[in-house]
Amino acid sequence: MNILKTVKNLRFALVVLAFGLPLAAHAEDAGEALFVYGQAFVESSDGERKALAKGEAVQSGDKVVTSVNGRVQLRMADGGLLAISPNSEFLIEEYSYASGQAAERVAANSQPRSFYVLLKGGFRSITGAIGKENKAAYRVRTPVATIGIRGTDYTAVFCASDCVGGKRDGLYVSVAQGGVFMKNEAGMLRLEPGDFGFVAGPRSKPVRTGVSAERIAEQRGASDEEAAAEVAPTSEDGDNLLGGGANPSGAVAMSAGPLGSARSHTDVSLGSPELAADGSVQSFSAEFPAEGSATYDAGNAEVVDRGEDPDTGIRWGRWANGNADVTTDSGTQQVALQGSSLHWVAGGLGEARPVVPTTGSQSFSLVGNTNPTDNHGNVGVLGSAELSADFDSQTVDAAVGLSIADQNWDASANDVALDGNAATFEGEFDSVTVTDVSDPANPSSSDGTGSLSGFFTGDENGDVDGAGMSYSLSDDADTTVSGSAAFQTDTPPGDR
C-alpha cells in the first residue's frame, strides 16, 4: 500500500447602555457575506432589520443575527474571516478599512479599526490585516470580558441561560492558532494554541478550563439529555461496547491530505479501539480491497474540531500538530501533520451496518464538520455542505463551499454511485471552482478537481438517519484542501 497516496429589543438596548456603544455608528462597508445557511438577519444602527443573503455587504454599526439553524460567514474588508454560529447576535461595533488597501499599509493608516461585540452565541475569527499589523486595533467585547489578540484563529461562545449539560453560563474561548487574552476588571488570562479559557462574569477572574468553545457551540440549543449523553456506549457492567460484541462493524470516511484523497472505509475492524479522553476516535483500522489492511493512529497528534451528533452517533474530528502512525503489512510509518491534517468522520461504531432503501429519496442537513485545511498549513471555514440521496437510482448528489487562505472553493457532484450493500458512496466532483479573492475588487477563478466519499447510518429496517462525508479538492497550483462533514436527515428524529 502506498501510504503517500494514502435579547429582544429591550435587552439589546440595555446591553448597549452597559457597554457604552455608539447608537449611531458611521455606516461604511465592512465586509460581505460569503455564506449564509438557514435564517440570518442584519440589523442596521437605525433599527432596520432585513434578511441577510450571500454576497450582501455588512456595514459598521450592523448587527448580524442568526436563528437556531442559521450560520453566517463574513469576509471583512481586510481579509479577516468571521463565522457566526446559530442562535447568535454579533455587532460590528466600529469597522474602518479602505477596500483594496494593502496589508503593509495598515500600520501607516491611523484609522483602521476592527471592533466587535458578541451579545449572544458564538463565532470563530481568523484575523485579517488590521489585527496582524496593529493588534490594538482589534477587539471583541462581551458582557463579561474583552477578547484581544496576537494574530490568531480562535472560537468564542457566550452562554446566557442557553448552556446545557450542566455547563455554567459565561464566556468560553478556544485558541487554534496564535494567541488571545481575556480581560475584565478581575484580571487577564493569556491563551496559547490548544488552550481553553472561561469567564463566568464581569467581576470573575478569567480561568483556564477543560471545556472547549467548539463543544459549547455544538451543544447550544440541544436538550440537557442530548448534551449529557455518554460519548461511548457502555453495557450495564460498564464494558465499552465499541471494542467488540455482536455488532462491531462500522464506517469511517477520511480525507488525509498527505495520506491520500477522500476514502471510505466500511466494515472497519475495530478490535479494541482507543478513544481520546473527550471521546474522539484515537485510532481505526480498515481493509482496502486492492491494497490490504491499514491501521491509522493519532500518535502524538492533537485531536481538534471534535464533535458528535447524539441522534445519529456520528463523530468527526481531525488529527493535527503532531505525528500520526500508519501501519501496513510493510510496517509502521510516521506521517508528520505539522502544516496538514487527517480529517475523519465515523458513524455506526458498535452498531450493525444499516440497510439502505432501494426506493425513494432523502435530503440531509449539515450538523457538524471539521474546519477545512490545506497542504500549506492554512485552516479555513466550511460555509456550506449539501447532501441528498436518490435511492431509486442508488446515487447521491453533494456540494461543499469553503473559504481558506484568500480562496473560495465551490464543488458539486451529481449522480455519485451508491453501494447499497456497504451503505457507502464514493466518487469525483463534477465541478470544482477556485476563486482567488486576495484582491476583492478583482477576483479571479480557475477550475480544480476533487473526490468525495462517505457512508450512511441507520438501522436494519431501511431507516437512514444520517451520513458522513469526507472530501479532498485540488487546484492546478499544487494546493489540496481536505475536510469532513456530518449530516442528519431532514426528517425529525421522532418521525423517522
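Q: Which residues of the largest nonpolar core touch the most other members?
A: In this predicted model, the largest nonpolar core holds 39 residues. A second, separate core of 33 residues includes Leu-402, Ile-404, Phe-425 and Leu-473. Within the largest core, the residues that touch the most other members are Leu-74, Tyr-116, Phe-123, Tyr-154, Leu-171 and Val-173.

Q: Is Tyr-116 buried or exposed, and what is its relative accessibility?
A: Leaving aside neighbours within four places in sequence, Tyr-116 is in contact with a set of residues that includes Met-76, Leu-82, Phe-90, Ile-92, Tyr-138 and Val-140, and charged residues such as Glu-93, Arg-139 and Arg-141 also belong to that set. Because buried means under 20% relative accessible area, Tyr-116 counts as buried, at a relative accessibility of 2%.

Q: How many aromatic pairs does the model contain, and what is the angle between the planes of Tyr-95 and Tyr-116?
A: The count comes to nine aromatic pairs. One of them is formed by Tyr-95 and Tyr-116, whose rings lie 6.4 Å apart, centre to centre. This pair is classed as tilted, with an angle between the planes of 40 degrees.

Q: How many residues apart in sequence are the parts that the pair of Tyr-95 and Tyr-116 ties together?
A: Tyr-95 is buried, with a relative accessible area of 1%. Tyr-95 lies in strand 8 (residues 89–96), whereas Tyr-116 lies in strand 9 (residues 113–126). The pair therefore ties together parts whose separation in sequence is 21 residues.

Q: Which residues are linked into a cluster by ring pairs?
A: Tyr-95 and Tyr-116 form a tilted aromatic pair, and both of these residues belong to a cluster linked by ring pairs. The members of that cluster are Phe-90, Tyr-95, Tyr-116, Phe-123, Tyr-138 and Tyr-154.

Q: Over the ring of which residue does the charged end of Arg-139 sit?
A: Arg-49 lies over the face of Phe-41, at 4.2 Å from the ring centre. The charged end of Arg-139 likewise sits over a ring, 3.9 Å from its centre, and that ring belongs to Phe-115.

Q: In which strand is Gln-73 found, and is this residue buried or exposed?
A: Not counting residues up to four places away in sequence, Gln-73 touches residues that include Glu-32, Phe-35, Leu-82, Val-381, Gly-383 and Ser-403. Gln-73 is found in strand 6 (residues 71–76). At 2% relative accessibility, Gln-73 counts as buried.

Q: Which residues make up the covered face of strand 15, and which the uncovered one?
A: In a regular strand the side chains alternate between the two faces of the sheet. In strand 15 (residues 187–191), the covered face consists of Gly-187, Leu-189 and Leu-191, while the uncovered face consists of Met-188 and Arg-190.

Q: Which residue of strand 15 stands opposite Lys-183?
A: Strand 14 (residues 180–184) and strand 15 run antiparallel and are joined by five bridges. A hairpin connects strand 14 to strand 15 through two residues. Opposite Lys-183, in strand 15, stands Met-188.

Q: What distance separates the backbone nitrogen of Ser-161 from a polar atom of the side chain of Asp-169?
A: Asp-169 lies in the loop between strand 12 (153–159) and strand 13 (170–177), and this residue is partly exposed, with a relative accessible area of 34%. Beyond the residues up to four places away in sequence, Asp-169 touches Cys-159, Ala-160, Ser-161, Asp-162, Cys-163, Phe-198 and Ala-200. Between the backbone nitrogen of Ser-161 and a polar atom of the side chain of Asp-169, the distance is 2.8 Å.

Q: Which residues does Gly-377 touch, not counting residues up to four places away in sequence?
A: Gly-377 has its place in the loop between strand 28 (373–374) and strand 29 (381–390), and Gly-377 is partly exposed, with a relative accessible area of 28%. From C-alpha to C-alpha, Gly-377 and Ser-341 are 8.5 Å apart in space, although they are 36 residues apart in sequence. Not counting residues up to four places away in sequence, Gly-377 touches Gln-177 and Gly-339.

Q: Which residue in strand 25 is the bridge partner of Asn-323?
A: Strand 24 (residues 323–328) and strand 25 (residues 331–336) pair in the antiparallel sense over six bridges. A hairpin joins these strands, 24 and 25, through two residues. The bridge partner of Asn-323 in strand 25 is Ala-336.

Note on methods. Residues are numbered from 1 along each chain as its sequence is written. This is a predicted model: local features need pLDDT of at least 70, side-chain atom pairs count only at pLDDT 80 or more; totals for chains, interfaces and linings use all residues. Side-chain values use heavy atoms; hydrogens and water are left out. Rings of Phe, Tyr and Trp (its six-membered ring) pair if their centres lie within 6.5 Å; planes under 30 degrees apart count as stacked, over 60 as edge-to-face and the rest as tilted. Helices (H or I, at least four residues) and strands (E, at least two) are DSSP runs, numbered from the N terminus. Buried means under 20% relative accessible area, exposed over 50%, partly exposed in between (1.4 Å probe, protein chains only). A charge sits over a ring if NZ of Lys or CZ of Arg is within 6 Å of the ring centre and within 35 degrees of the ring normal. A nonpolar core is a set of buried Ala, Val, Leu, Ile, Met, Phe, Trp, Tyr and Cys residues joined through side-chain atoms within 4.5 Å. Contact means heavy atoms within 4.5 Å. Two strands pair if DSSP finds at least two bridges between them. A polar contact is a pair of N or O atoms within 3.5 Å; within protein, one must be able to donate a hydrogen and the other to accept it, and residues adjacent in sequence count only if both atoms are side-chain atoms.
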